[in-house]
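This report describes the fold of one protein chain and then turns to selected helices and residues. Please keep the sequence and the structure in view while reading.

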Amino acid sequence: AGIPTPTIFITLNEGVLNAAASKILNGMGGIIIFQKIIKELSDAQLQAILAHEVGHIKHNHINKMVGLNLATLGLSAYGMYKLISYIKNGQSLTIQDYNACLYGSQIITFLTNALAIGKRFEKQADQFAFEMGHAQGMKETMNILDGKIQKIDAELLATSDKITAAKSELTPADFAELQQEFWIANGMYRLRRWIHENTPFESHPSNADRIAAAQAYLDAQVQVPAIEKA
């Protein structure tokens with residue numbers, strides 16, 4: 001890849017099916033690997049994930065993201081401070097006003113990050129992995145993640161059925177509390193899924209988009225034999 005070999009860190013616990021890259025100012029960078037991906041994925045799939053993380057380091061994504069976040073946070077906080085000061089027309093700002101500046105600037109920074117660089121950086125890192133020869137491994141990995149999401153959907157449906165079946169064994173108050181807790185948890189999960197799959201306000205492309213991108217790259221590499229002229 002034309003970069004110094006990153007330091008590899010492997011977690012002591014299994015963690016989640018994920019990895020992460022880091023390169024703040026220093027020239028080497030590092031990659032954190034959760035044991036779960038070593039235990040559950042094939043070598044080809046693990047190599048695809050590593051190639052993706054190397055892509056982040058190669059393209060200096062972390063420093064770019066930190067720089068944009070700090071700049072956006074500072075500018076938006078100053079802008080909100082001036083706006084609140086203008087609205088209050090010279091009156092002293094309260095601690096609530098300063099909190100509004102802070103929280104508002106954080107929201108603006110998050111939205112800017114999601115719109116400007118989040119998915120773009122991930123697609124660029126995926127493309128780097130494809131070009132390093134790991135499109136098939138990336139496609140397989142995304143298919144595995146997609147299968148895990150389908151498993152979660154099935155488990156949530158089964159949990160809902162179990163709660164309904166237990167209605168006769170619970171007091172009305174306990175049943176209502178249990179049902180409400182499940183609705184909230186399920187609703188938050190569905191909302192996050194919808195945001196991830198249908199809006200730009202998310203750090204990664206959807207699994208379906210990444211699978212399609214890998215397949216498109218693989219299709220483009222198919223060489224059609226030339227027909228020899230008689």
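Read from its beginning to its end, the chain follows the pattern β-β-β-α-α-α-α-α-α. The secondary structure therefore comes to 6 helices and 3 strands. The radius of gyration of the chain is 23 Å, well over the 17 Å that the globule rule gives for 230 residues, so the chain is more spread out than a compact globule. The model discussed here is a predicted one.

**Overall dimensions and surface**

Along its principal axes, the C-alpha trace spans about 85 × 60 × 45 Å. The accessible surface of the chain comes to about 14600 Å², and 62% of this surface belongs to carbon and sulfur atoms. Of the 230 residues, 31% are buried. Among contacts between residues at least 6 apart in sequence, 64% join residues at least 24 apart.

**Two helices**

The following table sets out helix 5 and helix 6.

| Helix | Residues | Number of residues | Span, first to last C-alpha | Expected span at 1.5 Å a residue |
|---|---|---|---|---|
| Helix 5 | 172–198 | 27 residues | 37 Å | 39 Å |
| Helix 6 | 207–220 | 14 residues | 20 Å | 20 Å |

In both rows the span is close to the expected value. The buried residues of helix 5 include Phe175, Phe182, Asn186, Arg193 and His196. In helix 6, the buried residues are Asn207, Arg210, Ile211, Ala214 and Tyr217. Viewed down the axis of helix 6, these buried residues fall within an arc of 125°, so they line one face of the helix. A general property of helices is useful here: an α-helix has 3.6 residues a turn, so residues three or four places apart point the same way.

**Two buried residues**

Arg210 lies in helix 6. Is Arg210 buried or exposed? Its relative accessible area is 9%, and a residue counts as buried under 20%, so Arg210 is buried. Leaving aside neighbours within four places in sequence, Arg210 is in contact with His52, Glu122, Asp126, Phe130, Met138, Met142, His204 and Pro205.

Glu53 is found in helix 2, which covers residues 43–58. With a relative accessible area of 6%, Glu53 is buried. Which residues does Glu53 touch, not counting those up to four places away in sequence? They are Ala19, Ala20, Ala21 and Ile31. Glu53 and Asn69 are 16 residues apart along the chain, and their C-alpha atoms are separated by 20 Å.

How values were computed
Residues are numbered from 1 along each chain as its sequence is written. This is a predicted model: local features need pLDDT of at least 70, side-chain atom pairs count only at pLDDT 80 or more; totals for chains, interfaces and linings use all residues. Side-chain values use heavy atoms; hydrogens and water are left out. Helices (H or I, at least four residues) and strands (E, at least two) are DSSP runs, numbered from the N terminus. The expected span of a helix is 1.5 Å times one less than its number of residues. Buried means under 20% relative accessible area, exposed over 50%, partly exposed in between (1.4 Å probe, protein chains only). The arc is that of the directions from the helix axis to the C-beta atoms. The radius of gyration is taken over C-alpha atoms; the globule rule is 2.2 Å times the number of residues to the power 0.38. Contact means heavy atoms within 4.5 Å. Accessible areas come from the Shrake-Rupley method with a 1.4 Å probe; for residues, only the protein chains shown count as cover.
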